Amino acid sequence: LEHVDCRVTVICGRNGKMLHRFTRNLVPRYGDRIRVLGFQNNIWEHMMDTDLLIARASPNTMMEAVVMNVPLIITGALPGQEAENPALVRAHNLGVVCKDPDAIPSVIEQLLRDHGRGLEKIRESQRAYRDLDAAEKIVSLVLEDPSPLAQVVEDQAGLPGGDAAGDAHDDVLSSEHISSSFRVGCCFYYT
């Protein structure tokens with residue numbers, strides 16, 4: 001914050017220790033240039049008000065940023081489901097991977113050079129990469145053949161497959177039920 005004229009919002013989620021530490025240490029130092037927040041139900045509103053997002057390579061956070069056209073600085077990834085996400089960011093120019101926290105200021109400076117040309121190149125790549133119709137396409141695929149999803153629902157419910165008890169649940173696992181349930185889930189992402 002010493003070298004860049006900006007406002008920073010830090011969202012700590014449910015990490016109360018981080019929230020307390022950042023509020024105690026950063027707010028007195030930077031005043032109204034920094035906001036430190038806990039868990040937020042309206043994360044999309046904060047992303048709409050953001051020119052750059054610095055985050056771990058969480059798949060949900062990354063894809064929300066890409067859909068909202070917010071350039072990313074990825075600081076690392078957890079083993080498992082996040083491990084390959086930095087490579088995805090690099091391969092499609094969805095952001096910058098910077099594993100060294102001390103290098104973040106220089107990365108930001110590079111992105112802001114030439115009237116923010118680096119940020120604009122990332123935004124262009126994000127617009128080319130994202131698919132704003134993805135949820136509708138998923139629903140269409142499920143409507144065409146709901147059997148794989150029905151198997152997942154059956155497995156999750158612990159219902160036996162193929163016996164009398166499983167047959168008794170056929171109405172619960174019908175394509176009509178699964179499709180209407182899935183649409184509600186997809187509608188959630190549109191809001």
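Trainee: What does the secondary structure of the protein chain come to?

Mentor: The protein chain has 9 helices and 5 strands. Helices here are DSSP runs of H or I with at least four residues, while strands are E runs of at least two, numbered from the N terminus. Keep in mind that this is a predicted model, where local features need pLDDT of at least 70 and side-chain atom pairs need 80 or more, though totals for chains, interfaces and linings use all residues. Residues are numbered from 1 along each chain as its sequence is written, and side-chain values use heavy atoms, leaving out hydrogens and water.

Trainee: What pattern does the protein chain follow along the sequence?

Mentor: Going along the sequence, you read β-α-β-α-β-α-β-α-β-α-α-α-α-α.

Trainee: How do you know what span to expect for helix 1?

Mentor: Take 1.5 Å times one less than the number of residues. Helix 1, residues 16-30, has 15 residues, and the expected value is 21 Å. From first C-alpha to last, helix 1 reaches 20 Å, close to that.

Trainee: Where does helix 1 bend, and by how much?

Mentor: At threonine 23, by about 30 degrees. That bend is the angle between axes fitted to the seven residues ending there and the seven starting there.

Trainee: What sits at the two ends of helix 1?

Mentor: Asparagine 15 caps the N-terminal end, with a side-chain oxygen 3.3 Å from the backbone nitrogen of lysine 17. Following helix 1 comes glycine 31, with a positive phi near 60 degrees.

Trainee: Why is cysteine 12 called buried?

Mentor: Buried means under 20% relative accessible area, exposed means over 50%, and partly exposed is in between (1.4 Å probe, protein chains only). Cysteine 12 comes out at 8%, so it is buried. Cysteine 6, at 27%, counts as partly exposed.

Trainee: How many disulfides does a search of the whole structure find?

Mentor: It finds 0. A disulfide would be a pair of cysteine sulfur atoms within 2.5 Å.

Trainee: What makes strand 3 and strand 5 edge strands?

Mentor: Strands 3, 4 and 5 form an open parallel sheet in the order 3-4-5. Strand 3 (53-55) and strand 5 (95-97) each pair on one side only, and those are the edges.

Trainee: How do you know that strand 3 and strand 4 pair?

Mentor: DSSP must find at least two bridges between two strands. Here 3 bridges join strand 3 to strand 4 (residues 72-74), so the strands pair by that rule. Alanine 55, for example, has isoleucine 74 in strand 4 as its bridge partner.

Trainee: Why does isoleucine 73 count as buried?

Mentor: Its relative accessibility is 0%, so isoleucine 73 counts as buried. Isoleucine 73 lies in strand 4, and its C-alpha is 4.8 Å from that of valine 96, although the two are 23 residues apart in sequence.

Trainee: What puts arginine 123 among the buried residues?

Mentor: Its relative accessible area is 18%, so arginine 123 is buried. Arginine 123 belongs to helix 5 (residues 104-129), and a polar atom of its side chain lies 3.5 Å from the backbone oxygen of aspartate 51.

Trainee: What is notable about the phi of histidine 115?

Mentor: Most residues other than glycine have a negative phi. Histidine 115 has a positive one of about 60 degrees. Histidine 115 is in helix 5 and, at 86% relative accessibility, counts as exposed. Asparagine 93 also has a positive phi, near 50 degrees; asparagine 93 is in the loop between helix 4 (85-91) and strand 5 and is partly exposed at 31%.

Notes. Polar contact = N/O pair within 3.5 Å; in protein donor to acceptor, adjacent residues only side chain to side chain.
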